[in-house]
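Colleague: Please take one part of this model and go through it closely. I would like the contact between the domains, and how far the prediction can be trusted.

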Amino acid sequence: MTRLLLSTTIPYVNGRPHLGFALELVQADVLARHHRLRGDEVRLQTGTDDNSLKNVQAADAAGVAVGDLVDRNAAEFARLAGPLSLRFDDFLRTSADPRHRAGVERFWRACAHDLYRKHYEGLYCVGCEHFYQPGERCPEHEAPLQRVSEENWFFRLSRHQERLYDLIAGGRIRIEPAERRNEVLAFVAGGLTDFSVSRSRARARGWGIPVPGDPDQVIYVWWDALGYYLTALEYGTGGHDRWWGRADRRVHLLGKSVLRFHAVYWPAMLLSAREALPTDILVHDHLTVNGRKISKSGGPAVDPLGLVAEYGVDAVRWWLLRDVPRVGDADFTVERLIARHDDELANGLGNLVSRVAGLVHRYRDGVVPAVRASEPDSDRVSEPDSDRASELEEVRRRAPGAVAEALDAFDFRRATGAVYEVVEAANRYVSRTRPWQLAREDSARLDPVLGTLVETCREVAGLLTPFLPDAAARIAARCAGPGERLPAPAPVFPRLGGAA
RNA sequence: GGGGCGGUAGCUCAGCCGGUUAGAGCAGGGGACUCAUAAUCCCUGGGUCGCGGGUUCGAGUCCCGCCCGCCCUACCA
């Protein structure tokens with residue numbers, strides 16, 4: 001049995017969650033469910049980055065206390081779970097969870113041999129929490145740059161350069177897709193310089209975790225946030241070994257914009273602390289909405305909960321999994337959401353379930369026949385429909401492996417495609433076997449056909465479970481076993497678009 | 001300024017180490033069927049594979065330059 005730790009990044013909570021973060025959560029949830037179904041031991045953790053200075057700014061802007069703003073917004077993120085049908089094993093808030101601070105402090109000490117103090121000054125953008133060169137201005141934020149002159153703690157990233165390169169190049173740390181791996185390798189090969197890992201307490205506005213033994217300094221938010229991967233595992237009390245050191249795979253999901261922190265800084269920190277490294281870094285690109293960038297600080301923010309309320313969780317999850325390419329930003333529009341849902345879920349899968357139920361009710365009084373004919377008849381095998389039967393069989397046989405393979409490659413499109421192929425094959429099987437005709441002309445042959453179809457629907461429900469747990473359960477509930485009675489047909493996925 | 005990733009049929013995208021007439025889905029067009037959510041099934045696509053060079057017997061598929069979009073970064077002495 002494989003032990004698998006899955007994690008999402010933790011967003012800073014200066015605003016409400018948007019669809020882009022929902023993407024990451026859904027992907028993580030799918031992987032977790034998939035592996036659980038495989039029998040793996042899985043832990044999925046997520047949470048919020050409360051200690052970002054951006055939260056302080058947002059609180060200032062809103063005229064409320066930081067703690068209050070963070071509490072309120074973090075709750076919004078936690079609230080995504082129910083409506084999006086996500087199942088987390090843990091949700092850690094970096095400001096509120098006692099495990100976190102203890103863990104971060106311990107981790108800091110574990111890296112002490114790579115930490116040193118250095119004075120420097122520069123122009124700092126609070127919005128980016130980032131330094132710029134003289135004469136530059138921040139491309140993203142209006143606020144003027146602040147001249148900062150102070151002494152901070154630095155982490156000896158440079159020391160780990162070669163080791164990191166080898167680990168990534170050699171695949172010990174797998175970065176998917178490969179395009180992102182190349183990016184990281186190029187960056188590492190270009191040379192790594194030490195980076196600052198603390199801020200003056202004043203500049204951090206007193207928000208964050210103080211540097212152990214140096215109360216005038218606050219730990220840099222990225223150091224703090226990355227630490228969550230360990231602190232949620234009880235690193236602070238040394239209890240992390242079960243899910244970290246002894247896990248077979250440690251998998252991080254993240255967006256491309258924070259790749260460097262996860263593929264370079266974080267592994268280096270772990271090397272320094274002598275902890276195991278992540279095995280998989282799975283990187284998704286960004287979402288745009290109606291062709292425009294989304295962000296928490298501005299622009300069109302699509303509220304995932306609003307979408308779920310309007311179109312249902314299955315439609316939203318299906319779009320995120322089915323329409324978002326592995327590489328390249330994807331543009332979300334309501335039209336695309338509806339198109340995907342109506343075409344594949346309503347007309348494809350939903351209609352299949354309905355028509356199968358309809359057939360069973362009309363010709364067999366709702367009782368599911370056995371797959372095999374009751375009396376074995378050897379000479380009816382090589383009929384025109386046998387090729388269709390074998391096509392369906394073939395597709396069904398291959399589907400589970402295809403799904404697993406696609407998910408291992410972090411390709412949700414291909415994975416959902418493999419599920420949907422079964423639906424298509426089943427619909428072809430219906431047209432080819434023509435059950436309505438069999439009912440009139442060769443009733444004995446109708447039973448195995450209907451039995452096969454019901455069985456296929458149940459199988460699709462199983463395959464669909466990690467992706468659309470709600471829909472899968474609904475479909476499974478309509479697929480009785482042989483000899484059992486089928487519920488009356490009713491649409492599983494009512495169409496969202498115009499009534500057509 | 002540097003690095004990376006994209007730019008393939010109207011739309012969304014696939015196209016391992018270069019090799020017969022460049023693919024899929026959707027949309028569009030034609031046909032069939034009637035079990036089903038007016039659904040499904042079958043047939044139908046001639047697109048300078050961003051632009052310009054180059055390597056090669058042969059290049060979306062490799063090299064160089066340029067254009068557009070996106071991500072990261074900009075000697076923290």
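**The domain interface**

Modeller: Three residue pairs make polar contact across the interface of domain 1 and domain 2, with both partners at pLDDT 80 or more. On the domain 1 side, four elements each supply at least two of the touching residues: helix α1 (19-38) and strands β7 (174-176), β12 (249-255) and β13 (280-284). Helix α1 gives the most, with nine residues. By class, this side of domain 1 has six nonpolar, five polar and six charged residues.

Bear in mind that this is a predicted model. The domain assignment splits chain A into domain 1 (3-301) and domain 2 (334-477). In all, 17 residues of domain 1 contact 13 residues of domain 2.

Now the area. About 1,200 Å² is buried between the two domains, and carbon and sulfur atoms give 66% of that. Three residues stand out: Val30, Arg33 and His34 supply 34% of what domain 1 buries against domain 2, more than any other three residues. By number, Val30, Arg33 and His34 fall within α1 (19-38).

Charge pairing comes next. The rule finds one salt bridge across this interface. Arg38, numbered within domain 1, pairs with Asp408, numbered within domain 2. Their closest N and O atoms are 3.1 Å apart. Arg38 is also the last residue of α1 (19-38). The structure as a whole holds 42 salt bridges.

Another of the salt bridges also involves α1. Arg317 pairs with Asp29, with the closest N and O atoms 2.9 Å apart. Arg317 lies in helix α11 (residues 313-322) and Asp29 in α1, so this pair ties together parts that are 288 residues apart in sequence. The number 317 falls outside the ranges of domain 1 (3-301) and domain 2 (334-477).

Last, confidence. Chain A averages a pLDDT of 89, and 89% of its residues score at least 70. The weak stretch is 374-385, where pLDDT is below 50; beyond near neighbours in sequence, this stretch has 10 contacts in the model. Its numbers fall within domain 2 (334-477). Where pLDDT is low, the predicted coordinates should not be read in detail. For the complex, the predictor gives an ipTM of 0.90 and a pTM of 0.92.

Definitions and conventions. Residues numbered from 1 in each chain as written. Chains lettered and ligands numbered in written order. Predicted model: local features only at pLDDT ≥ 70, side-chain atom pairs only at ≥ 80, totals over all residues. Heavy atoms only, no water. pLDDT = per-residue confidence, 0-100. Contact = heavy atoms within 4.5 Å. Domains from an automatic or database assignment. Buried area = accessible area lost by both parts, 1.4 Å probe. Salt bridge = Lys/Arg side-chain N within 4 Å of Asp/Glu carboxyl O. Polar contact = N/O pair within 3.5 Å; in protein donor to acceptor, adjacent residues only side chain to side chain. Nonpolar A, V, L, I, M, F, W, Y, C, P; charged D, E, K, R; others polar.
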